[in-house]
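Reader: I have a structure to look at and would like to know how its labels are justified. Please take them one at a time.

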Amino acid sequence: MPKTIKKLAVLTSGGDSPGMNAAIRAVVRACAYHNIECIGVYRGYEGLIEGDFESMDARSVKGIINKGGTFLKSARSKEFRTAEGRQKAYKKLVEAEIDGLVAIGGDGTFTGAMIFNQEFGFPVIGIPGTIDNDIFGTSHTLGFDTALNTVVDAIDKIRDTASSHNRLFFVEVMGRDVGHIALNAGIAGGAEEILIPEEDLGLERLVDSLNRSRKSGKSSSIVVVAEGDKIGKNIFELKDFVDQNMEGYDVRVSVLGHMQRGGAPSCFDRVLASRMGVKAVESLLEGKTNYMVGLLNGKMELTPLEKAIKGKTKINLELLRVSDIMST
């Protein structure tokens, strides 16, 4: 028989993403609905080790659904990676009479939760919060949709100045290992070329594409580059290559950086966070543990944390084909 859940804790860990606050709110209010006490853990696993807890009710999370970041704060904990650190965290949870944990974050967060569950049998459920959309077992992670909208808005603004001065802009977006942001935002922003880690298109392809754009009458161009793209060591090398090998281009670089993580979450991310928070709480009540909540085919589904961590998300090849057609 599963252990009766009377008190749950929720934390956010790793990089922040829009929608984390909405997910915290959903967890707290789902607990209130089911007459369970909810404890907020500040500063992720670091706060778990230190017992930085605060009891929360439905009113504790009012007015946060529209806020970016995470009001519970986030931190990367070196101590939690040690057996001694996890033992301290477990002791704090036991002392506080907490029966289960909802961990919001990415693969690092899930790895910590999975190991913690394996060592102590402590019930855990993960909610995927990362703008990169690089977690297996969900079509969308919290913050991905909002980040896309932020990037597209920035590309639209950059295109205004690119057109005014007949310039070529390389726009770098986040995506060290995956190109989901670059590919989707590039298509939506009308980019002439999109460079992603999954497809090593090579410098020759880039040159050919830019030459075709010029011959077709385009006086300005936008190239969206995921930070993990394999063509050059970095986006400034791409700029230098074009400067040295292609005449007539006035090249500029724009690195969007951490602005992609901030801002009010989109409607999609607020609804997704609400659904995930409710599913996480109710899964723990049903005795489920060591799973991640995800969106698959429009439904809330559970994926084992180990699969979520080890599984690889795949780029949408149809989007690559669409991108090629749209850049004609």
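The exchange below goes from the whole protein to single residues.

Author: One caution comes before the rest: this is a predicted model. The protein has 11 helices and 11 strands.

Reader: How do you know that the radius of gyration agrees with a compact globule?

Author: For 328 residues, a compact globule would have a radius of gyration near 20 Å, and the protein has 22 Å, so the two agree. The C-alpha atoms fill a box of roughly 70 × 35 × 35 Å along the principal axes. Buried residues make up 52% of the 328 residues. Among contacts between residues at least 6 apart in sequence, 75% join residues at least 24 apart.

Reader: What can be said of the surface and the charges?

Author: The accessible surface comes to about 14,900 Å², and 49% of that belongs to carbon and sulfur atoms. The protein has 41 positive and 43 negative side chains, and the centres of the two sets lie 4 Å apart.

Reader: What makes the contact between Lys7 and Glu37 a salt bridge?

Author: The N to O distance is 3.8 Å, and a salt bridge requires a side-chain nitrogen of Lys or Arg within 4 Å of a carboxyl oxygen of Asp or Glu. The pair therefore qualifies. Lys7 is in strand S1 and Glu37 in strand S2, 30 residues apart, and the pair links distant parts of the chain.

Reader: Why is Lys7 called buried, and why is Glu37 called partly exposed?

Author: Buried means under 20% relative accessible area, and partly exposed lies between that and 50%. Lys7 has 13%, so Lys7 counts as buried. Glu37 has 35%, so Glu37 counts as partly exposed.

Reader: How do you know that Glu119 and Arg86 form a salt bridge?

Author: Their side chains meet at 2.7 Å, N to O, which is within the 4 Å cut-off. Glu119 lies in helix H4 and Arg86 in helix H3, so the pair ties together parts that are 33 residues apart in sequence. Arg86, at 8% relative accessibility, is buried, whereas Glu119, at 37%, is partly exposed.

Reader: What is the sequence separation of Arg321 and Glu318, and what makes them a salt bridge?

Author: Both lie in helix H11, 3 residues apart, about one turn of the helix. Their closest N and O atoms are 3.4 Å apart, and the limit is 4 Å, so the pair counts as a salt bridge. Arg321 has 48% relative accessibility and counts as partly exposed; Glu318 has 42% and is also partly exposed. Elsewhere, salt bridges that share partners join Arg43, Glu50 and Asp52 into one network. A search of the whole structure finds 14 salt bridges.

Reader: Why is Asp132 said to have no salt bridge?

Author: The nearest side chain of opposite charge, Arg176, is 6.0 Å away, and a salt bridge needs a nitrogen within 4 Å of a carboxyl oxygen, so the pair does not qualify. Asp132 is buried all the same. Asp132 sits in the loop between strand S5 and helix H5, and its contacts beyond four places in sequence are Met174, Gly175, Val178, His180 and Ile181.

Reader: Why is Gly298 called partly exposed?

Author: Its relative accessible area is 46%. Exposed means over 50% and buried under 20%, so Gly298 falls in between. Gly298 is found in the loop between strand S10 and strand S11. Gly298 and His258 are 40 residues apart in sequence and 29 Å apart in space, C-alpha to C-alpha.

Key:
Residues are numbered from 1 along each chain as its sequence is written. This is a predicted model: local features need pLDDT of at least 70, side-chain atom pairs count only at pLDDT 80 or more; totals for chains, interfaces and linings use all residues. Side-chain values use heavy atoms; hydrogens and water are left out. Helices (H or I, at least four residues) and strands (E, at least two) are DSSP runs, numbered from the N terminus. The radius of gyration is taken over C-alpha atoms; the globule rule is 2.2 Å times the number of residues to the power 0.38. Buried means under 20% relative accessible area, exposed over 50%, partly exposed in between (1.4 Å probe, protein chains only). Contact means heavy atoms within 4.5 Å. Accessible areas come from the Shrake-Rupley method with a 1.4 Å probe; for residues, only the protein chains shown count as cover. Lys and Arg count as positive and Asp and Glu as negative; His and the chain ends are not counted. The place of a charge is taken as NZ of Lys, CZ of Arg, CG of Asp or CD of Glu.
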